[in-house]
Every structure is written in structure tokens, then in C-alpha cells.
Amino acid sequence: MSGNGPMEITGAESLLICTCMQSNHWPLCDGSHHTLGGEPELIRLDKSKTYYFCSCYRTKNRPFCDGSHAK
Ligand code: FES
């Protein structure tokens, strides 16, 4: 990841996505929900593909980047 650009992830079969918006590693869950409430969302991925996850909070296709960071 660079700046507000997307987080590139390749080779993952699943990820826990933060839904409480308190993670210091958004869009990934860092366990902050344990003290603040909420539950992460488990998403399944094709490990042969590369995914781009939003790290600027502006996407309309959460948790994936939709290019909104460049606007
Ligand atoms: S830190 Fe937000 S759901 Fe886990």
C-alpha cells in the first residue's frame, strides 16, 4: 500500500474484514472490536488471484477498491 492507495493481497484464501471501523489496519480486522464491540466479516478469496482492498474508506464497493482514492 502507498499513501491512500489500495492494499494489494495475493495468495490469501480468506480474510477477516473490519466492520467496526476501529481497526488500525483497516480494512483488515486487528481485534479492536473485542473492546469496542462488533464482529469482523469473513470473506473467502481465490488464492490464485490478486485483490485490491480499499484503505481510504471512500469505496462504494467495500471492502474492495473502486478507484475512489484517486478522485
Ligand atoms: S477490529 Fe473491527 S471488526 Fe475487528
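**View 1. Ser-32 sits in the loop between S2 and helix H1.** This is a predicted model. Helix H1 covers residues 33-36. Is Ser-32 buried or exposed? Its relative accessible area is 18%. Buried means under 20%, so Ser-32 counts as buried. Which residues does Ser-32 touch, leaving out those up to four places away in sequence? They are Gln-22 and Ser-23.

**View 2. Leu-42 lies in strand S3.** The strand runs over residues 41-44. Leu-42 has 46% relative accessibility. Buried ends at 20% and exposed starts over 50%, so Leu-42 counts as partly exposed. Set aside its neighbours within four places in sequence, and Leu-42 is in contact with Ser-14, Leu-15 and Leu-16. How far apart in space are Leu-42 and Cys-54? From C-alpha to C-alpha, the distance is 16 Å. In sequence, Leu-42 and Cys-54 are 12 residues apart.

**View 3. The largest nonpolar core has 9 residues.** Its members are Met-7, Ile-9, Ala-12, Leu-15, Ile-17, Ile-43, Leu-45, Tyr-51 and Phe-53. Which elements give two or more residues to this core? They are strand S1 (7-10), strand S2 (14-17) and strand S4 (50-53). Leu-15 appears here as a core member, and Leu-15 is also a contact of Leu-42.

**View 4. Ala-12 belongs to the largest core.** Residues up to four places away in sequence are not counted here. With that rule, Ala-12 touches Leu-45, Asp-46 and Lys-47. Of these contacts, Leu-45 is a fellow member of the largest core.

**View 5. A second core is separate from the largest one.** This core has 5 residues. Among them are Cys-18, Trp-26, Cys-54 and Cys-56. Cys-54 is also the residue placed 16 Å from Leu-42, C-alpha to C-alpha.

**View 6. The whole protein has 1 helix and 4 strands.** In what pattern do they follow along the sequence? The pattern is β-β-α-β-β. The radius of gyration is 12 Å, close to the 11 Å that the globule rule gives for 71 residues, so the protein is as compact as a globular protein of that length. The C-alpha trace spans about 30 × 30 × 20 Å along its principal axes. Of the 71 residues, 32% count as buried. Take the contacts between residues at least 6 apart in sequence: 53% of them join residues at least 24 apart.

**View 7. The surface and the charges of the protein.** About 4,600 Å² is exposed. Carbon and sulfur atoms supply 48% of that area. There are 7 positive and 7 negative side chains. The centres of the two sets lie 7 Å apart.

Note on methods: Residues are numbered from 1 along each chain as its sequence is written. This is a predicted model: local features need pLDDT of at least 70, side-chain atom pairs count only at pLDDT 80 or more; totals for chains, interfaces and linings use all residues. Side-chain values use heavy atoms; hydrogens and water are left out. A nonpolar core is a set of buried Ala, Val, Leu, Ile, Met, Phe, Trp, Tyr and Cys residues joined through side-chain atoms within 4.5 Å. Buried means under 20% relative accessible area, exposed over 50%, partly exposed in between (1.4 Å probe, protein chains only). Contact means heavy atoms within 4.5 Å. The radius of gyration is taken over C-alpha atoms; the globule rule is 2.2 Å times the number of residues to the power 0.38. Accessible areas come from the Shrake-Rupley method with a 1.4 Å probe; for residues, only the protein chains shown count as cover. Lys and Arg count as positive and Asp and Glu as negative; His and the chain ends are not counted. The place of a charge is taken as NZ of Lys, CZ of Arg, CG of Asp or CD of Glu.
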